[in-house]
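This report introduces a single protein chain to a reader who has not met it before. The sequence and the structure are shown first, and the description comes after them.

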Amino acid sequence: MRVEQIAVFLENKSGRLAEITRILAENDINIRALSVADTADFGILRLIVDKVDLAKEVLRAGGFTVGKTNVVAVEVPDRAGGLANVLKVVNEAGLNVEYMYAFVNKSGADAVLIFRFDEMDQAIAMLQEKGFVLLSGPQICSL
């Protein structure tokens, strides 16, 4: 099960992140998860939002470079070892994690791990085979 994520390239300068969140808010787009990775010159903002296509459209209209990619969302118990259990299985399967981030909706409930794998189809099949719960985009947005 794949989840659509948008990636926004932004200059590493003051106010750019605020501009993105303003544009999304003005268009009633809810951010459900995000990650920011940066270098000296630019950053990559990865977002899971409730209105993916609209977010792409309004951010591009605002002058941002936006792409859409697929990620895998794995739900695990929010306890010590939740991530380790997933990564053990991923490692044993010889899969490479390109990047990941996570969020918890409510402490003590379940955590959601967002992964980008080099072999997405293989990763999805393996995770499902091992009994991990994979979430869809609408499921993430309903948390």
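The sections below treat the nonpolar cores, the strand pairing, two helices, the salt bridges and a surface patch. The structure is a predicted model.

## The largest nonpolar core

In soluble globular proteins, nonpolar side chains tend to be buried together. Here the largest nonpolar core has 18 residues, and the members that touch the most others are Val72, Val74, Val86, Val90, Phe117 and Leu127. Two strands and two helices each give two or more residues to this core: strand E4 (65–77), helix H3 (82–92), strand E6 (110–117) and helix H4 (120–129). Helix H4 gives the most, with five residues.

Val90 shows how distant parts of the sequence meet at one residue. Leaving aside neighbours within four places in sequence, Val90 is in contact with Leu95, Val97, Phe117, Met126 and Leu127. A separate core of 16 residues lies apart from the largest one, and its members include Leu45, Leu47, Val58 and Leu59.

## Strand E6 and its partners

Strand E6 pairs with two other strands. With E4 the pairing is antiparallel and runs over six bridges; one of these joins Ala73 to Ile114 of E6. With E5 the pairing is again antiparallel, over seven bridges, and here Val97 has Phe117 of E6 as its bridge partner.

Six of the eight residues of E6 are buried, so this strand is largely enclosed by the rest of the structure. Two residues named in these bridges recur elsewhere: Phe117 is among the core members that touch the most others, and Ile114 is among the contacts of Ile140.

## Helix H2 and its surroundings

Which residues of helix H2 are buried? They are Val52, Ala55, Lys56, Val58 and Leu59. Among them, Val58 and Leu59 also belong to the core of 16 residues. The elements that cover the buried residues of H2 include strand E1, helix H1 (16–26), strand E3 (42–49) and strand E4. Just after H2, Gly63 takes a positive phi of about 95°.

## A buried residue in helix H5

Ile140 is found in helix H5, which spans residues 137–141. Because its relative accessible area is 0%, Ile140 counts as buried, the limit for that class being under 20%. Not counting residues up to four places away in sequence, Ile140 touches Val3, Arg32, Ile48, Ala73, Phe103, Ile114 and Leu135. Ala73 and Ile114, both on that list, are also bridge partners of each other.

Ile140 and Asp53 are 87 residues apart along the chain, and their C-alpha atoms are separated by 16 Å.

## Salt bridges

The structure holds nine salt bridges. In one of them, the side chains of Arg2 and Asp121 meet at 2.4 Å, N to O. This pair links distant parts of the chain, since Arg2 lies in the segment before strand E1 (3–11) and Asp121 in helix H4, 119 residues apart. Arg2 is partly exposed, with a relative accessible area of 35%, whereas Asp121 counts as exposed at 56%.

A second salt bridge joins Lys68 and Asp53, whose closest N and O atoms are 3.0 Å apart. Lys68 is in strand E4 and Asp53 in helix H2 (residues 52–61), so the bridge ties together parts that are 15 residues apart in sequence. Lys68 is partly exposed, at 34% relative accessibility. A third salt bridge is formed by Arg116 and Glu98, with closest N and O atoms 3.5 Å apart. Since Arg116 lies in strand E6 and Glu98 in strand E5 (residues 97–104), this pair ties together parts that are 18 residues apart in sequence. Arg116 is partly exposed, with a relative accessible area of 21%, and Glu98 is also partly exposed, at 45%. Through salt bridges that share partners, Glu4, Asp53 and Lys68 are joined into one network.

## A nonpolar patch on the surface

Some nonpolar residues lie on the surface: Leu17, Leu34 and Val36 form a nonpolar patch there, with about 260 Å² of accessible area together. Leu34 is found in strand E2, residues 31–38. With a relative accessible area of 44%, Leu34 is partly exposed.

Note on methods. Residues numbered from 1 in each chain as written. Predicted model: local features only at pLDDT ≥ 70, side-chain atom pairs only at ≥ 80, totals over all residues. Heavy atoms only, no water. Core = buried A, V, L, I, M, F, W, Y, C linked by side-chain atoms within 4.5 Å. Buried < 20%, exposed > 50% of the residue type's maximum accessible area, 1.4 Å probe, protein only. Helix = DSSP H or I, 4+ residues; strand = E, 2+ residues; numbered from the N terminus. Contact = heavy atoms within 4.5 Å. Patch = residues over 30% accessible without salt bridge, like charges linked within 9 Å, V, L, I, M, F, W, Y side chains within 5 Å. Areas by Shrake-Rupley, 256 points an atom, 1.4 Å probe, with all protein chains shown as cover. Salt bridge = Lys/Arg side-chain N within 4 Å of Asp/Glu carboxyl O. Pairing = 2+ DSSP bridges.
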